Amino acid sequence: MPATVITNISCYQFAALSELKALRQRLLDQCKACGLKGTILLSTEGINMFVAGIREHVDALVAELHAIPGLEGLKPKYSESAEQPFRRMLVRIKKEIIAFGVEGIEPAKYTSPRLEPKVLKQWLDEGRPIILYDTRNDYEVKLGTFKGAVVAGIDSFRDFPAAVAKLPPEMKHAQVVSFCTGGIRCEKAAPFMEREGFEQVWQLEGGILKYFEECGSAHYDGELFVFDQRVGVDPGLHETASSQCFVCQTPLTAEEQADPRYVEHVSCPYCFKTTEQQQREQIAQRHAAILAAVTPLPGSRPYDQTRPLNVPEACDHGTILDCLCHVMPHIPREQWLAVCEEGRIVTDDQVIVPAHQIVRAGERYLHLKPAQREPDVNADIRVLFEDEAIIVLNKPAPLPVHVGGRFNRNTLQFILNTVWHPLKPRSVHRLDANTTGVTVLCKTRHFASQVQPQFERGEVGKVYLARVKGHPQQDEFTCDAPVSAEAGKLGGRHVVMRGQVGDSPESAQCSVLSADADPTEHFALSTSPSGNATNAALLSQTAEEHGLPARTEFRVLQRHADGTALLEARPLTGRTNQIRIHLWHLGFPILGDAAYLADGEIGETQTLAVVDPPLCLHALRIAFTHPLTKENVTFEAERPVWAHAD
């Protein structure tokens, strides 16, 4: 039994059509009933169609169209294929059957003179001085065009007027023959060129398709791009081996499909991007999304804020007022009492909780803060790297990472949740609000569980830059002064001198870095097994009495004439504010630090204002094991202005 042959037709007709909705439904019903597939575009200016199916059903559709007033002269172009080139049947109503967007060009009323294909071939055979002007898009021209043709060089027909404006002035006096696939573009292109002052413009009747039918391949190089699954046809109107890139829609020859950059449904030689190119494009998109998320700053508009309060074990059977003072001791008791009296401490059911109410450990209450407007922050967040597992940023300052105090929406976490929604990137280490530099986040809990322990085990390499007041005597030195476990004023920490509990005070001082120094000997307690309850209890007791073991290595990079110095700091432990506290303890406070002041004083400011001088502490570099590839990776953030050499 012979295989069924599919008949393909393409045609258009400019004519005044009306009652388009009824016509659309009638044609759609007929095509579906006959098993035809393709696309029919209807407009008040006419019809444009590509349809395929069994010949008798195609002929029935053409007969139906010929019965419509204005379409009596519709002349389809026929070709055949072994398979149905279309996936479905669409009948759509459009403003134009060929989108041009230029007012005053009405092919139903006027078109330029038509040139029959055989006449064009004769002119070309004779060597007549004419200019062939290809009005098609570049991706169509790529498969083939007439020899010596001038190409419009456009991506869309709407770009055609701009392309005509760039043509050389002398071309206006030449004999120009415009052409396209089936002739429909030239119905608008040629009259437009005439309107722009071109004196002799013809349009090739029936386009390249009709030329192929009547003249074959004469004076033509390549094949013809067609708008169906065949992609390309040769001058005999037979389907070629050309394909089309699923991603960028570029037509591809058989040779281009053999290129290693061609991966079906993924890329081709024209849209292939290296990993680095993809990374740059993704980062640019992220930066645009970040800018949109922080313009204006999310916390700049007043809103009602709700803060949760979970009762700790230490507050069991105490009052809610005592609990508030315990959890946030930096806020005066009188202020918390006023909050309670204003009815702004409530249960999850919005029941007001009086100041004297007894609470139990594990209970949850809410602190209501009406019409809050958060302080401004620096939201110039820059993405350094991103893949399936991690996000690496260069964090600006001031910008708190997590919710706390006056900051809820104006935080790094809130902004990232907005940009990466529905993901909620997880920070795997600490970076103070006032500290700039490289910070790492993971996209899922699973990846975070593989990176965060590296910080806890001291396996992550961290390098900071700090500009300090004063000039250290040694070029390299360490500080192993323990850091207090409990937060003090404004949530800050301080150095716990071992001499206060009977140890030698010298053990908490800085020392010149020895090449064979063991970085673990000063803080062995920090490596106690977490599963051993006895060791854990001893560690807790030791932390309260002696402070948490901490060690930082320092190296002087430059001593400035203004009495400051640029240092490199390598924290071997990860205590809160460790670098700032160690330098403060050694008498070299960091420039711009409003918390740890000169002469051992604690300041009144926790998070700087945007207009304040910056804290000169920058997380320069970080190295760890990637959770997905298991390779060692290193990331570095650009140095701030204050960290550059004089």
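Student: Leaving aside neighbours within four places in sequence, which residues is Gln279 in contact with?
Tutor: Quick caveat: this is a predicted model, where local features need pLDDT of at least 70, side-chain atom pairs count only at pLDDT 80 or more, and totals for chains, interfaces and linings use all residues. Residues are numbered from 1 along each chain as its sequence is written, and side-chain values use heavy atoms, with hydrogens and water left out. Contact means heavy atoms within 4.5 Å. With neighbours up to four places away set aside, the partners of Gln279 are Phe385 and Glu386.

Student: Is Gln279 buried or exposed?
Tutor: Gln279 sits in helix α9, residues 275-293; helices are DSSP runs of H or I with at least four residues, strands are runs of E with at least two, and both are numbered from the N terminus. Buried means under 20% relative accessible area, exposed over 50%, and partly exposed in between, using a 1.4 Å probe and protein chains only. Gln279 has 16%, so the class is buried.

Student: How do the axes of α3 and α7 cross, and what is that arrangement called?
Tutor: Axes are lines fitted to C-alpha atoms, for helices over the stretch in contact, with angles from 0 to 180 degrees between N-to-C directions. Those of α3 (117-126) and α7 (207-215) come within 9 Å and cross at roughly 75°. Under 35 degrees would be roughly parallel, over 145 roughly antiparallel, 65 to 115 roughly perpendicular, and the rest oblique. So α3 relative to α7 is roughly perpendicular.

Student: How many nonpolar, polar and charged residues are in the contact of α3 with α7?
Tutor: From α3 come Pro117, Lys118, Leu120, Lys121 and Leu124, and from α7 come Lys210, Tyr211, Glu214 and Cys215. Ala, Val, Leu, Ile, Met, Phe, Trp, Tyr, Cys and Pro count as nonpolar, Asp, Glu, Lys and Arg as charged, and the others, Gly among them, as polar. The tally is 5 nonpolar, no polar and 4 charged.

Student: Which residues does Glu214 touch, not counting those up to four places away in sequence?
Tutor: Glu214 belongs to helix α7. Its relative accessible area is 33%, so Glu214 is partly exposed. Its contacts are Pro117 and Lys118.

Student: What arc around the axis do the buried residues of α3 cover?
Tutor: The buried set is Pro117, Leu120, Trp123 and Leu124, while Lys118 and Glu126 are exposed on the other side of α3. An α-helix has 3.6 residues a turn, so residues three or four places apart point the same way. The arc is that of the directions from the helix axis to the C-beta atoms. The buried residues lie on the same side of α3 because their arc is only 120°.

Student: What covers the buried residues of α3?
Tutor: The cover includes both strands and a helix. Among the elements are β6 (114-115), β7 (130-134), β8 (144-146), β10 (175-179), β11 (200-204) and α7.

Student: Where does His317, with its positive phi, lie?
Tutor: Most residues other than glycine have a negative phi, and most peptide bonds are trans. His317 goes the other way, with phi near 70°. Its place is the loop between β17 and α10.

Student: What relative accessibility does Asn577 have?
Tutor: Asn577 isn't a glycine either, yet its phi is positive at about 60°. This residue is found in the loop between β28 (564-571) and α15 (578-585). Asn577 counts as buried because its relative accessibility is 13%.

Student: Which residue is joined to Ala397 by a cis peptide bond?
Tutor: Omega for that bond is about 0°. The partner lies in the loop between β21 (390-395) and α12 (412-419). Its name is Pro398.

Student: What is omega for the cis peptide bond from His421 to Pro422?
Tutor: Pro422 lies in the loop between α12 and β22 (426-427). The omega value of this cis bond is near 10°.

Student: Which residues of the largest nonpolar core touch the most other members?
Tutor: A nonpolar core is a set of buried Ala, Val, Leu, Ile, Met, Phe, Trp, Tyr and Cys residues joined through side-chain atoms within 4.5 Å. The largest one has 52 residues. Those touching the most other members are Phe554, Leu583, Ile590 and Phe624.

Student: How far apart in space are Ser81 and Arg426?
Tutor: Ser81 lies in strand β4, residues 77-81, and is buried with a relative accessible area of 7%. The pair is 345 residues apart in sequence. C-alpha to C-alpha, the separation is 56 Å.
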